[in-house]
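Subject: Structure for your review, with notes on its salt bridges

Dear colleague,

I am handing over the structure below, and after it you will find my notes on the charged side-chain pairs. Please read them with the structure open.

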Amino acid sequence: MQDRKNPYGKRDFAYKKSKVTTNDPVTLVILLYDGAIRFLTIAEKALENNDYEKVNFSLLKAKDIISELIASLNLDQKTELVENLRNLYNYMYERLLDANIEKNKEYILEVKKLLKDVREAWDLILKEKNHSELNNPELKKATITLKG
């Protein structure tokens, strides 16, 4: 039986918690993207069914994840990449706020596409990092330093 507060169900929770606590920062960022995309897909379908409570809940969850992405940026790194990601995350957050107020599916789809595109870039970073570590096990540096 699924718990309404935990969309994964109780049995799956321990596995997901273990997965989150044992992954490197790049993988954790990718998991955040996956979660936001999943909640936006739920919001999109709920909007089609006029289930506004579920739309609201799902958009709030996606906004929470985007807030976590903002918090994960290392703002001490004054790089163009960090600044661009911060601006993009802020834009997505505002767009989801508008999507929730206006119940606008186009805004949801826009943010979902942005998340998928940036997630793909993070996935390439992870693949490159894993490839580098295979060729040089002593190399443990990520391209981008994340807090945490």
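For what follows, a residue counts as buried under 20% relative accessible area, as exposed over 50%, and as partly exposed in between. Please keep in mind that this is a predicted model.

By that scale Asp123, with a relative accessible area of 22%, is partly exposed, whereas Lys127, at 52%, is exposed. The side chains of these residues, Lys127 and Asp123, meet in a salt bridge with an N to O distance of 3.3 Å, and both residues lie in helix α5, where they are four residues apart, or about one turn of the helix.

A further pair in helix α5 is Asp117 with Lys113, which form a salt bridge whose closest N and O atoms are 2.8 Å apart; being four residues apart in that helix, Asp117 and Lys113 are separated by about one helical turn. Asp117 has a relative accessible area of 39% and is therefore partly exposed.

Arg119 forms a salt bridge with Asp34, and here the closest N and O atoms are 2.5 Å apart. This pair links distant parts of the chain, since Arg119 belongs to helix α5 (residues 105–135) and Asp34 to helix α2 (residues 25–48), with their positions 85 residues apart. Arg119 is partly exposed at 22% relative accessible area, and Asp34 likewise counts as partly exposed, at 28%.

The structure holds seven salt bridges, among them the pairs described above.

With best regards

Definitions and conventions: Residues are numbered from 1 along each chain as its sequence is written. This is a predicted model: local features need pLDDT of at least 70, side-chain atom pairs count only at pLDDT 80 or more; totals for chains, interfaces and linings use all residues. Side-chain values use heavy atoms; hydrogens and water are left out. A salt bridge is a side-chain nitrogen of Lys or Arg within 4 Å of a carboxyl oxygen of Asp or Glu. Helices (H or I, at least four residues) and strands (E, at least two) are DSSP runs, numbered from the N terminus. Buried means under 20% relative accessible area, exposed over 50%, partly exposed in between (1.4 Å probe, protein chains only).
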